[in-house]
Structures are given as structure tokens and as C-alpha cells.
Amino acid sequence: MSLNIRNVCLLGHGSDGKTSLAESMLFLTKGTDRLGKIADGNTVCDFDPEEIKRQISISATPIPLEYNGSKLNMIDTPGYFDFAGELLQGLRVADAGVIVVTAKSGAGVGTEKAWKYLTSQKKARVFYVSKLDEENANFNQTFANLRSQFGLSVCPFVIPCVDGDKTVGIVDIVSKKAFKPDGGAMELPSSMQGEVDEYFNILCESVAETSEEFMEKFFGGEEFTQEEMQQGIRAGIRAAVLTPVYCGSATTGLGTLALLDGLIKFAPAPDEGQPEAGKDASGADVTVAVDPNGPTCALVFKTTSDQYGKFSFFKVVSGKVTSDMTLVNARTGQNEKIGHLYTVKGKKNTEIKEVACGDIGAVSKLTDTKTGDTLCASGKVISLAGIAYPATSYSLAFSPKIKGGEEKIASGLTRMSEEDYTFTVKLDAETHQMVVSGLGDIHLDVLCSRLKNKFGVEVEIEEPRVPYREKIRKKVKVEGKHKKQSGGHGQYGHVWIEFEPGETEDLTFEEKIYGGSVPKNFHPAVEKGLRDRIHKGVLAGYPVVNLKATLVDGSYHDVDSSEMAFKTAAGVAYKNGLPLANPVLLEPIGELKVFIPDSYMGDIIGDLNKRRGRVMGMNPGEDGQQTVEAEVPMAEMHSYAIDLRSMTQGRGSFAFSFIRYDETPPNIQQKVIEDAKTLAEEDED
């Protein structure tokens with residue numbers, strides 16, 4: 001007998017109604033005593049201050065429900081792409097996904113992405129058409145579009161019951177029965193009989209494809225029994241060859257219970273899916289069956305922290321987790337004492353003694369366990385597959401509004417990185433900036449707000465500075481002399497140095513001294529003087545590369561010459577010589593790969609030309625996708641993540657990596673030099 005638990009992820013485009021549907025489920029199953037509304041900021045799922053302020057979901061929120069003797073863990077996930085990491089966390093522990101799409105606007109980019117996620121992970125898919133009660137809602141058109149876009153596996157299970165222009169209930173296509181918004185039975189309007197029969201035939205055709213026996217029966221003109229229908233539906237959903245379509249309104253509760261009934265009847269239980277893939281202590285590939293009687297194995301899929309401490313959310317894959325256990329962290333090899341266990345419903349934590357196989361729970365105050373870790377029974381250490389997060393694509397430099405707040409920013413970001421694995425922090429030694437990279441502008445804006453509200457530090461943001469380089473293009477011979485007389489010993493160092501373009505990025509230093517004009521013991525000081533200087537070029541203060549310096553002549557004083565004097569003399573030669581050697585600014589060039597649907601090709605190529613990009617090639621992929629390969633200056637890429645999202649409505653993605661430095665065009669070089677001068681003046685102030 002399968003486990004009486006359903007772990008279901010709510011996915012879809014932003015603002016399509018996922019959180020409202022979760023709220024409706026909670027209210028109708030008596031999980032809450034009032035129906036929360038996003039506009040009022042009182043929903044169970046979106047309780048974070050940032051979510052309430054922005055009226056969007058930012059975190060994946062597991063919501064436990066009890067309905068008709070079954071346990072459902074509904075995981076509400078964000079629809080905005082800046083928070084895709086949270087979606088992937090929820091999807092990692094779900095056994096099925098409900099893709100929410102509105103009856104007004106139909107499938108959006110978030111719908112397409114949700115479909116791809118579920119398909120690639122071979123998880124059961126269900127559509128829920130929301131907002132039936134709103135003006136211009138059109139279920140039939142939305143259903144037709146879903147079927148056209150996602151294929152014939154998309155089948156109607158519940159449709160609106162319409163009397164005139166008004167939706168008065170829903171019709172269960174499987175049983176051909178109509179129900180009122182409160183779940184009570186009602187008579188099917190005679191005007192809908194033909195439509196219901198048509199949808200029923202579509203469903204029967206999909207059921208027929210689940211087995212040869214059913215196929216023969218269908219083409220033989222025989223009707224399926226209710227038992228056969230349910231058997232075929234379950235098999236089709238679990239094999240991902242049948243995708244049910246439900247519908248309703250979260251505001252009125254229409255269709256919510258029908259969806260819950262369908263999930264309990266047809267969605268796979270945790271032990272009906274594929275075994276979990278992992279590696280044993282020796283690194284060999286293994287699989288872990290979902291088995292209540294097996295050794296304990298649990299995957300931590302989410303971490304949160306509040307004023308009371310850290311919570312680790314986990315799914316029990318095998319065995320069970322109790323509050324008195326000691327488990328082994330497969331990554332660290334360290335023991336973790338399991339203390340207080342909870343079920344978490346929004347802000348409300350309920351302490352429990354045990355989390356059963358297949359179920360989701362939370363544990364507080366683990367010592368060194370992170371998101372993606374596996375907790376196992378001692379002697380049976382297995383590391384389950386973790387969570388693959390998207391690469392960062394948008395960066396900003398963070399600095400405190402009040403000087404001295406750098407440590408607070410770093411501390412706050414470190415704390416937040418325990419919860420959010422989709423941003424990175426880099427202290428750029430060259431530009432002296434703290435560069436934070438994430439998945440988009442909203443993502444980084446949320447980080448700024450949380451730094452202010454949770455950690456008390458206000459942040460200023462700016463575009464990260466580009467790490468330019470400088471080099472020379474011709475050979476020059478220059479003199480450097482340092483002569484200073486004061487009380488006692490003086491200082492004397494004198495060199496002639498030839499500067500020319502070098503073959504390696506680092507400084508190449510040679511000496512061709514004849515007759516001992518500069519004694520050998522001072523040669524290292526000359527090199528040291530040059531190495532200290534090449535970190536700052538003469539054009540805009542950027543590091544100098546590909547420089548060859550040859551010490552060819554000079555003079556010294558028996559008493560006044562010293563290493564410091566020759567080091568200073570070399571610096572004088574550098575400062576005087578490089579401006580004469582035709583210096584030029586080098587800009588970093590990156591290799592860009594843009595992954596887009598074919599229809600956006602023209603816009604992408606045109607945009608790359610505006611960014612001084614050079615298109616190197618185009619490679620067609622599957623499903624009308626194209627990969628555009630180009631070389632683009634890094635200076636033109638700062639806003640590319642936002643611009644690409646705008647150009648492709650979020651369908652495009654890209655990868656960008658540094659490959660080399662090239663000479664900067666004169667007009668760009670002049671602007672960079674002016675900007676560097678302005679920045680230096682500001683620093684002096």
C-alpha cells in the first residue's frame with residue numbers, strides 16, 4: 001500500500017494565483033479560520049515583510065494540509081525568475097507539480113518554464129486554470145491554447161459549469177457530475193451536455209494510450225468503467241503522458257476541493273516515483289528506495305533563519321526522523337543531534353515528535369548542516385543528489401551609506417547566504433568594491449532591503465567597475481634619477497631603462513649593464529621599484545601588463561646610494577617613460593552564449609551589434625531553440641540579464657565568461673580616462 005502523503009509544488013508565472021490557491025486550500029480544509037488575501041498582506045505563505053511589501057512570493061513555502069484522511073504538503077513557489085532558486089528547492093522534494101495559469105491571460109513564460117522543469121525531472125504535471133470569476137476569463141480558449149502549446153497529453157478533468165454568461169459551478173469530466181462552489185451536487189445544465197461529452201471523449205482517448213488493452217477497448221467502441229478510467233488516469237499521470245486540467249477560483253473556493261480530490265486520487269505518493277539517486281561513502285552510485293522500514297535518510301532542501309535561530313526543512317526519503325535521533329551529515333561526516341522537530345505553516349511552528357517516511361518537516365539549530373545536505377543513519381551514509389542552482393547573471397557593487405558599515409554588510413550577506421544559494425559576494429581587490437551577483441535587479445533589491453531591515457545597515461549600489469588594463473605599444477629609453485641631500489647621508493639612485501611591449505602578461509625585467517655603472521646588488525631594488533608601480537598605469541590608474549623593462553645604464557654613489565634610492569629612481573623612470581611609449585587601455589572581452597527561441601534571433605543580433613559585440617556563430621538546438629555565440633566587451637554587459645529578459649519576455653538565458661583583453665576604441669578609452677580622473681578626485685575629497 002502506498003504512502004498516504006502527497007508532496008505537490010505550485011508553479012507558474014508571477015501573479016497567476018499560486019499563493020491565492022494555497023490560501024483557498026488552507027481555508028477550505030480548515031487549516032486557517034479566514035481566507036487571507038495578498039492585497040491585505042495576511043496570507044499564510046507570503047508572511048515575510050518583503051513579500052507583503054512587494055505583494056509577490058519570494059520564498060518557497062511548504063504548507064501542510066489534512067484532507068479526507070490524507071496529508072498534502074503544498075509548496076508555494078515564486079513565479080518571478082529572480083527567485084528561481086526557491087522554485088528549484090520546492091521542486092526537488094515534490095512528487096508532482098500543479099502549474100497555475102489564469103483563464104484571462106493563458107500560458108505565460110513562467111508556464112513554459114514550469115512545464116520544462118517538470119518534464120526534465122520526469123514529475124507528474126497538472127494544470128490549474130485560475131481566476132474563472134474574473135472578467136474576460138475564458139476557460140475553453142485557455143484549454144485549447146494549453147493543448148496546442150503542450151500537446152495532446154493535456155486533458156480536461158474539471159471544466160466550468162456555465163449557465164448563460166455566469167459560472168455557477170464546475171463539472172467533473174471523469175464522473176460527468178456537476179458541483180456547486182461549496183462542493184454540493186447540482187444538476188448538469190442540458191446546454192452543456194454536448195460539451196461535456198466532447199471533453200469526456202478527449203479524456204478517454206488519452207486513457208486508451210496508457211495500455212494496449214485499453215487501446216483495443218477504445219477502438220472497439222466499448223466504454224471504460226469508472227475503475228478503468230481511474231486506473232488509466234493514474235498510470236498516465238505517473239508516466240507523464242497525461243496532464244489533467246482543473247479549474248476554479250481561489251476567491252470563491254470554486255474548484256479547490258475538486259483539485260485536492262484529484263491530487264489525492266491521481267498524483268503519485270512519495271513511494272510511487274523513481275528511487276532517489278545518490279552516492280555511498282566510497283563515492284559509488286546508488287539508489288535509495290522510499291521505504292518506511294529502511295534506514296533513515298533525509299534531504300535538507302531549504303534553510304531559514306529568524307530571531308529564534310536556524311530552521312532546516314527536510315524530506316524523509318527512507319525510514320523516519322524522530323526528535324531523539326543522532327544522524328550523520330553525509331557531506332561533513334559529523335554527527336547531528338536532532339532536537340526539536342516541527343511542522344511549519346507560514347509563521348506558525350507546531351512541535352512534533354516524528355516525521356514519517358515521505359513527509360516534510362523542519363528541525364531547529366543543526367550545527368553544520370546546509371541546504372542540499374543529506375542526513376543519514378550511522379553505518380548507512382548516502383549522499384543524495386543536491387539542488388542545481390542557476391548561475392548568477394546580474395551584479396552590483398554594494399557599499400555602506402555610512403562609512404564603517406562594510407563589516408555589517410559582509411556579516412548580513414553571510415547570514416543571508418545560508419538561506420539563499422543564488423547570490424555570490426566577491427571583494428574585488430583591484431577595484432576595491434564589494435560585488436554582489438544574483439539573478440536579477442529585484443533579487444538584489446530584496447537583499448538591500450533585508451540588509452536594512454534585518455541587519456540595520458543601509459546600502460548604496462552602483463555599477464561594478466570594469467577591470468581594465470594598460471599596456472605600451474612602442475619602445476622608449478628613459479632616465480630616472482633620485483638625488484636628495486639632507487643632514488648626514490644623502491640619497492642617490494640613477495638608472496637608464498628601456499621600456500617596450502613584453503610577451504607575457506607579467507613584468508619581464510632584464511639588465512644589460514656594462515662596466516658596473518649600477519652594481520648588481522641594486523638590480524633587485526630596480527625591479528622592485530617597477531613592480532610596485534605597474535599596479536597603477538599612467539592613463540587611468542589600471543594595472544599595466546605585457547611590459548618589458550631592461551636596465552641598460554645608470555650611476556651610483558659610494559656613500560649615498562641605497563636600495564631605497566634605486567627603487568625610487570626606477571619609479572621615476574616608469575612615471576616619465578610610459579606616457580612616451582604610446583600607452584593604450586585594454587578592455588576585458590568575454591565569450592557570450594545566448595540561448596533563445598528562434599523567433600528572437602533578429603532582436604538579439606541587433607542588440608549585440610549595439611554592444612560592440614562580434615557574432616561568431618549560431619547553432620540550432622531542439623524545440624526551435626538557437627544558441628548565438630559572440631564576443632562582447634565586458635563593459636557592455638552590465639544590464640544584459642535585464643535587457644535579455646525584456647527582449648525575450650524571459651525566455652532567453654545566457655552564459656558569459658572572460659577570454660582575453662583587447663585594445664579599447666579611442667572614444668571609449670577617453671571616457672574611461674575621464675571617469676577614472678573624476679573618481680580619483682572624489683576619493684581625494
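Which residues point one way from E27, and which the other way? We will get there in Exercise 2, after a short warm-up.

**Before you start**

This is a predicted model, in which local features need pLDDT of at least 70 and side-chain atom pairs count only at pLDDT 80 or more, while totals for chains, interfaces and linings use all residues. Residues are numbered from 1 along each chain as its sequence is written, and side-chain values use heavy atoms, with hydrogens and water left out.

**Exercise 1. Describe the whole chain.**

Step 1: Take the elements. The protein chain has 16 helices and 37 strands; helices (H or I, at least four residues) and strands (E, at least two) are DSSP runs, numbered from the N terminus.

Step 2: Take the extent. Along the principal axes, the C-alpha atoms fill a box of roughly 110 × 60 × 50 Å.

Step 3: Look at burial. Of the 685 residues in the protein chain, 51% are buried. Buried means under 20% relative accessible area, exposed over 50%, and partly exposed in between, with a 1.4 Å probe and protein chains only.

Step 4: Look at contacts (heavy atoms within 4.5 Å). Among those with a separation of 6 or more, 71% come from residues 24 or more positions apart.

**Exercise 2. Work out the surroundings of strand E27.**

Step 1: Find E27 at residues 433–438, where 6 of its 6 residues are buried.

Step 2: Sort the side chains. Gln-433, Val-435 and Ser-437 point one way, Met-434, Val-436 and Gly-438 point the other way, and all are buried.

Step 3: Find the partners. Two strands pair if DSSP finds at least two bridges between them. Strand E25 (residues 394–400) runs antiparallel to E27 and is joined to it by 5 bridges. Leu-396 has Val-436 as its bridge partner in E27, and Phe-398 has Met-434. Strand E26 (residues 424–428) is also antiparallel to E27, with 5 bridges, and here Leu-427 stands opposite Met-434.

Step 4: Follow the turn. E26 and E27 make a hairpin with 4 residues between them, and His-432 in the turn has a positive phi of about 60 degrees.

Step 5: Assemble the sheet. The 4 strands lie in the order E26-E27-E25-E28, forming an open sheet with antiparallel pairing. E26 and strand E28 (459–462) are the edge strands, each pairing on one side only. On average, neighbouring strands are turned by 35 degrees against each other, direction ignored.

Step 6: Add the helix. Helix H11 (residues 441–455) packs on the sheet and touches E25, E27 and E28. The direction of H11 makes about 20 degrees with that of E25.

**Exercise 3. Find the nonpolar cores and a residue in one of them.**

Step 1: Recall the rule. A nonpolar core is a set of buried Ala, Val, Leu, Ile, Met, Phe, Trp, Tyr and Cys residues joined through side-chain atoms within 4.5 Å.

Step 2: Apply the rule. The largest core has 95 residues, and those with the most contacts inside it include Val-98, Phe-127 and Leu-263. Helix H6 (residues 193–208) gives the most to this core, with 8 residues. A second, separate core has 26 residues, among them Val-495, Phe-522, Ala-570 and Tyr-574.

Step 3: Zoom in on Leu-263. Not counting residues up to four places away in sequence, Leu-263 touches Arg-6, Val-8, Leu-72, Met-74, Val-98 and Val-126.

**Exercise 4. Are H6 and H7 parallel, antiparallel, perpendicular or oblique to each other?**

Step 1: Read the geometry. H6 and helix H7 (residues 212–219) pack at an angle of about 140 degrees, with their axes 7 Å apart. Axes are lines fitted to C-alpha atoms, for helices over the stretch in contact, and angles run from 0 to 180 degrees between N-to-C directions.

Step 2: Compare with the cut-offs. Under 35 degrees counts as roughly parallel, over 145 as roughly antiparallel, 65 to 115 as roughly perpendicular and the rest as oblique. H6 and H7 are therefore oblique.

Step 3: Name the residues that meet. Cys-204, Glu-205, Val-207 and Ala-208 in H6 meet Phe-214, Met-215 and Phe-218 in H7.

Step 4: Follow one residue. Cys-204 is buried, with a relative accessible area of 6%. Not counting residues up to four places away in sequence, Cys-204 touches Phe-218, Phe-224 and Met-229.
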